[in-house]
Amino acid sequence: MSSPPLLFFLILLSVASAIKLPLSPLSHHTDQLPSNDPYLSLRRLADSSIARAQQLKQPSSIKPDENALSAPSASAAVVKSPLSAKSYGGYSVSLSFGTPSQTIPFVFDTGSSLVWFPCTSRYLCTGCDFSGLDPTRIPRFVPKNSASSRVIGCQNPKCQLLFGPNVKCRGCDPNTQNCTVACPPYILQYGLGSTAGILLSEKLDFPDLTVPDFVVGCSIISTRQPAGIAGFGRGPESLPVQMKLKRFSHCLVSRRFDDTDVSTDLDLDTGSGHDSGSKTPGLSYTPFRSNPNVSNAAFLEYYYLNLRRIYVGSKRVKIPYKFLAPGPDGNGGTIVDSGSTFTFMDRPVFELVAQEFAAQMSSYSREKELEKITGLGPCFNISGKGSVTVPELIFEFKGGAKMELPLSNYFTLVGSVDNVCLTVVSDNTVSSTGGRSGPAIILGSFQQQNYHVEYDLENDRFGFAKKKCVQ
């Protein structure tokens, strides 16, 4: 992280129970690809899922340039916000900041923690000439239009949420309590792009809830980021931690690789009105797992699951334990990530799963050329078959909870009714040290479609159940 970009944008420069927010799919074109080309659309989503996985497996630490959270106020039972899918493979949620409020769309992301919006009238996004998106019309927050907007100072404890207790305040006398130097600028790397800016303290507004002094990133320059990001990870700067949520849940609408006006609710629960140990009726639960690795703090932001077994049909895939559980070095294990489209598996795991599908579907011819085009596989030609038999894909977690995926969550028709492909991806890379790096399996949003999914933070567990998200 070099100092010139940082200098550039420096120069530019009540208690509630639950909240429901509409959640909608968000588009993320990596190139200006024709939306009517199913092969290229799938390739784009597969490539973005792999790029996302590579970043999650080897994340960059958030660092400044180096060459006491407030409780919500007001009252509400459940706070909801619309959540809907977009063609680039993500989900969008709208949040309102400022006085008066400015409403901005964000990518809903459980794999990162900072909440940031495109900021100021000078906001610049390079590489954002996505199909259907005008970079000059990306919604942005304008701090000068908000009476509650404040730049966070370097000695403000909130600065430490992002940079930790050892943040360096250049130009400040460490013995003074009246330093006016701002918290250092941040740079964040994502799978397909990056963003940089400064931290603000702002008011986060819901119809029946106000969260004062919320730490939010004011990004002044980005690359390949079509919208801001709402970080729902485990970091102290995340929305769930700042709002002191007890749990949050969603039901992702079925995606057809295009933008849609259909949305469901993202529910934010601050805890009053429910028994702290209660389970949501109908959900199966499995405990979250702690990652023993602390050398890379970014891993601590992830929601690790105790995946015990993978079944293809009735056959258990014999996956070595080192891939199912994170080791002392932090490598291995399974995380759940709303920001990944297709589920990712390390190559050795993927090959075992793919081989089992190939073996059980050997009566259908492989379409290896289609696999090269789409980045998916295995793919099969099912033309001329009176009926098609596809084995189930089942994830079994600690405690016996089983996610028995509907066929549409792990196979997709490609190009015509003649070809189907497995919607799980992998790559051929290893870490720079020659070994594995980071989580081995990343449970993506495509596989979570039409499931009620709950992150029970108070009881440190993950709940899920099949549900038709939109009637």
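In the predicted model, Cys379 stands opposite Cys421 of strand β25. This pair belongs to the antiparallel pairing of strand β21 (residues 379-381) with strand β25 (residues 419-422), in which three bridges join the two strands. Both strands take part in an open sheet of four strands, arranged in the order β20-β21-β25-β24 with antiparallel pairing. The edges of this sheet are formed by β20 (365-366) and β24 (411-413), each of which pairs on one side only.

Strand β25 also contains Asn419. The C-alpha atoms of Asn419 and Cys379 lie 6.8 Å apart in space, although 40 residues separate Asn419 from Cys379 in sequence. Asn419 has a relative accessibility of 11% and therefore counts as buried, the cut-off for this class being under 20%. When neighbours within four places in sequence are set aside, the contacts of Asn419 include Phe380 and Asn381, and strand β21 spans residues 379-381. Thr412 and Leu413 are likewise among the contacts of Asn419, and the edge strand β24 covers 411-413. The remaining contacts of Asn419 are made with Glu367, Leu370, Ile382 and Val414.

At the level of the whole model, the protein chain comprises seven helices and 29 strands. Of its 471 residues, 57% are buried. The chain exposes about 19100 Å², and carbon and sulfur atoms supply 50% of that area.

A second set of pairings is centred on strand β10 (residues 209-223). Strand β9 (residues 194-206) is joined to β10 by twelve bridges, and the two strands run antiparallel. Within this pairing, Gly197 has Ser219 of β10 as its bridge partner. The connection between β9 and β10 is a hairpin of two residues. Strand β10 also takes part in parallel pairings. Three bridges join strand β5 (residues 116-118) to β10 in the parallel sense, and Trp116 stands opposite Gly217 of β10. Strand β6 (residues 124-126) is likewise parallel to β10, with three bridges between them; here Thr126 is placed opposite Thr223.

Asp205 is located in strand β9. Its relative accessible area of 17% places Asp205 in the buried class. The side chain of Asp205 forms two polar contacts with other side chains: one of 3.5 Å to Lys203 and one of 3.1 Å to Thr210. Thr210 also appears among the contacts of Asp205 beyond four places in sequence, together with Ser96, Gly98 and Ser101. As β10 spans residues 209-223, the polar contact between Asp205 and Thr210 links the two strands of the hairpin.

Strand β14 (residues 284-289) pairs with two other strands. With strand β29 (residues 461-466), β14 forms an antiparallel pairing over four bridges, in which Tyr285 faces Gly463 of β29. With strand β15 (residues 303-305), β14 again runs antiparallel, joined by two bridges; Arg289 stands opposite Tyr304 in that pairing.

The structure holds 24 aromatic pairs. In one of them, the ring centres of Phe288 and Phe462 are 6.0 Å apart and the ring planes meet at 55 degrees, so the pair is classed as tilted. This pair connects distant parts of the chain, since Phe288 lies in strand β14 and Phe462 in strand β29, 174 residues apart. Both residues are buried: Phe288 has a relative accessible area of 7%, and Phe462 has one of 0%. Phe288 and Phe462 are also members of one aromatic cluster, which further comprises Phe108, Phe232, Phe248, Tyr303, Phe397, Tyr451, Tyr455 and Phe464.

Charged side chains are also placed over aromatic rings. The charged end of Arg234 sits over the ring of Phe288, at 4.9 Å from the ring centre. Phe288 is thus involved both in the tilted pair with Phe462 and in this arrangement with Arg234. The charged end of Lys402 sits over the ring of Tyr311, at 5.7 Å from the ring centre.

Terms used: Residues numbered from 1 in each chain as written. Predicted model: local features only at pLDDT ≥ 70, side-chain atom pairs only at ≥ 80, totals over all residues. Heavy atoms only, no water. Pairing = 2+ DSSP bridges. Buried < 20%, exposed > 50% of the residue type's maximum accessible area, 1.4 Å probe, protein only. Polar contact = N/O pair within 3.5 Å; in protein donor to acceptor, adjacent residues only side chain to side chain. Contact = heavy atoms within 4.5 Å. Areas by Shrake-Rupley, 256 points an atom, 1.4 Å probe, with all protein chains shown as cover. Phe/Tyr/Trp six-rings, centres within 6.5 Å; stacked < 30°, edge-to-face > 60°. Lys NZ or Arg CZ within 6 Å of the ring centre and 35° of its normal.
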